[in-house]
Amino acid sequence: MGELAIKVEDISKMYKLYEKPKDRFKEALGLTRKKRYYEHYALNHVSFDVKKGETVGIIGTNGSGKSTILKIITGVLNPSGGSLIVDGRISALLELGAGFNMEYTGIENIYLNGTMMGFSREEISGRLDSILQFADIGDFVNQPVKTYSSGMFVRLAFAVAINIEPEILIVDEALSVGDVFFQVKCYHKFEEFKKMGKTILFVSHDLSSISKYCDRVILLNKGEKLAEGKPKEIVDMYKQVLVQQEEERDVPDSKGVKEYKEGAWKEKMEINPDFIDYGEKAAEIIDFAIVDDRGEITSNIKKDTDFVIKFKVQFHRDIEEPIFAFTIKDLQGTEVTGTNTMYENISSGRVKEGEIRTVEFKQRMNLQGRNYLLALGCVGFSENKFSVYHRLYDLCNINVISDKNTVGFYDMESKVKIS
């Protein structure tokens with residue numbers, strides 16, 4: 001395989017679904033020639049490669065086939081078609097503790113699981129201290145696992161899986177286990193693996209972690225691979241899938257700038273040439289601006305000053321109670337803050353076709369000094385169904401200027417007293 005750790009080629013996984021249990025029974029006994037099932041493809045001709053030393057994320061909605069492909073790669077499931085090649089020893093954080101015997105003590109389960117992973121007793125003993133230190137469950141390690149709390153069980157299972165020094169680490173939502181302090185420990189271990197040049201295949205609904213850790217991301221939907229590419233690009237595409245948008249991503253023109261209606265405010269803004277523009281366009285954002293405390297349109301906002309985010313929306317049909325929104329994200333794609341008129345208990349009433357509404361959000365800037373990205377949106381509920389009328393993701397930059405930063409995303413404005 002050379003530089004490849006995993007090669008998935010044209011993999012499919014088909015399940016036979018029966019309307020009645022007796023139909024399955026008749027077919028199993030050969031009592032019928034009639035086809036009594038319909039085919040459901042959990043995976044449908046999926047192909048991708050993972051290079052050695054690469055961290056690849058897999059994202060998608062529930063039922064997209066994420067866990068199925070991981071189980072095929074780890075040998076838990078057999079594919080219905082296609083081929084798979086894996087070059088390297090795998091440790092999989094899928095169903096933590098699946099191989100544990102509840103009657104055995106923690107120590108006995110460590111040796112049991114290590115043996116199942118292909119290690120000798122001596123090799124397991126050499127890793128025992130690291131496992132116990134990571135799990136940090138004290139003397140409970142000498143008690144039967146059936147006496148553990150769910151938290152202790154998860155800690156021990158994770159510690160066993162993570163400390164066997166695999167060449168390929170496969171993670172399925174496992175980094176969100178345990179309490180917050182154990183999660184921090186898990187992420188440190190994950191980063192350590194990445195720095196060591198281990199191959200990592202990572203499935204998560206945590207898009208900020210996907211954006212932060214992955215070199216490349218694969219998007220699955222209904223068993224098919226929709227796309228793969230850089231994290232930011234694929235995460236934005238995934239958000240479109242989440243709101244059931246089927247239209248393809250807008251393509252920039254030859255200059256890299258998308259078509260956009262004339263507007264007096266936005267002409268003074270620096271627009272991201274790769275912003276995402278989508279929605280059914282029953283309403284359309286036609287102008288926008290960021291305004292500082294001096295009334296100037298600018299992307300540069302001083303920390304601890306008031307500023308306004310405002311935009312105009314033109315309506316192309318009658319809409320009841322549209323919701324206006326903005327979101328601020330960091331450059332890794334993490335949603336840092338935002339709000340909308342529904343959260344703020346502001347009624348927008350009924351808007352008629354052809355009307356233009358202007359919405360202004362005024363707030364104090366207490367984010368840390370750094371660059372952020374702004375997203376705007378107009379959504380609502382039509383016939384009890386959530387509808388995205390228009391959204392503009394990563395539209396422009398907000399540069400927060402600060403001469404004092406604290407830890408994290410925002411300043412708690414602590415008042416310090418020493419006596």
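**Notes on a first look at this model**

1. Let's start with one ring. Phe-361 counts as buried because its relative accessibility is 7%; buried here means under 20% relative accessible area, exposed means over 50%, and partly exposed lies in between (1.4 Å probe, protein chains only). Keep in mind that this is a predicted model, where local features need pLDDT of at least 70, side-chain atom pairs count only at pLDDT 80 or more, and totals for chains, interfaces and linings use all residues. Residues are numbered from 1 along each chain as its sequence is written, and side-chain values use heavy atoms, with hydrogens and water left out.

2. Now the overall picture. The chain has 8 helices and 20 strands; these are DSSP runs numbered from the N terminus, helices being H or I with at least four residues and strands E with at least two. Of its 419 residues, 47% are buried. The chain exposes about 22,400 Å², and carbon and sulfur atoms supply 48% of that (Shrake-Rupley method, 1.4 Å probe; for residues, only the protein chains shown count as cover). Take the contacts between residues at least 6 apart in sequence: 71% of them join residues at least 24 apart, a contact being heavy atoms within 4.5 Å.

3. Back to the rings. The structure holds 9 aromatic pairs, where rings of Phe, Tyr and Trp (its six-membered ring) pair if their centres lie within 6.5 Å, with planes under 30 degrees apart called stacked, over 60 edge-to-face and the rest tilted. Phe-100 and Phe-153 make an edge-to-face pair, 5.3 Å centre to centre with 70° between the planes. Phe-100 sits in the loop between strand E5 (90-93) and helix H3 (106-116), while Phe-153 is in helix H5 (residues 150-162), so this pair links distant parts of the chain, 53 residues apart. Both Phe-100 and Phe-153 are buried. Phe-326 and Phe-361 are edge-to-face too, at 5.1 Å centre to centre and 65° between the planes. Here strand E15 holds Phe-326 and strand E18 (residues 356-364) holds Phe-361, 35 residues apart. Phe-326 is buried, at 5% relative accessibility. Ring pairs also link these two with Phe-311, Phe-315 and Phe-324 into a cluster.

4. Strand E19 (residues 371-382) deserves a look. It is largely enclosed by the rest of the structure, because 9 of its 12 residues are buried. E15 pairs with E19 in the antiparallel sense over 8 bridges (two strands pair if DSSP finds at least two bridges between them). In that pairing, Phe-326 has Leu-376 of E19 as its bridge partner. E19 also pairs with strand E20 (residues 385-401), again antiparallel, over 11 bridges. The two form a hairpin with 2 residues between them, and Glu-383 in the turn has a positive phi of about 55°. Ser-382 stands opposite Lys-385 in E20.

5. Is Ile-328 in E15 buried or exposed? With 3% relative accessibility, Ile-328 counts as buried. Leaving aside neighbours within four places in sequence, its contacts include Ile-309, Val-336, Leu-374 and Ile-398. The C-alpha atoms of Ile-328 and Gly-338 are 5.8 Å apart, with their positions 10 residues apart along the chain.

6. Helix H2 (residues 66-73) is mostly covered, with 6 of its 8 residues buried. Among the buried ones are Lys-66, Thr-68 and Ile-69. Gly-75, which follows H2, has a positive phi near 90°.

7. Charges next. There are 18 salt bridges, each a side-chain nitrogen of Lys or Arg within 4 Å of a carboxyl oxygen of Asp or Glu. Lys-232 and Asp-394 form one, with closest N and O atoms 2.8 Å apart. Lys-232 lies in helix H8 (residues 231-242) and Asp-394 in E20, so the pair ties together parts 162 residues apart in sequence. Lys-232 is partly exposed at 36% relative accessible area, whereas Asp-394 is buried at 1%. Glu-228 and Arg-216 also form a salt bridge, at 2.4 Å, and both belong to a network with Glu-54 and Lys-225.

8. Last, the surface. Met-342, Tyr-343, Phe-381 and Phe-386 form a nonpolar patch there, with about 450 Å² of accessible area together. Patches are made of residues with over 30% relative accessible area and no salt bridge; like charges are joined within 9 Å, and nonpolar side chains (Val, Leu, Ile, Met, Phe, Trp, Tyr) within 5 Å. Met-342 lies in the loop between strand E16 (335-340) and strand E17 (350-351), and is partly exposed at 43% relative accessibility.
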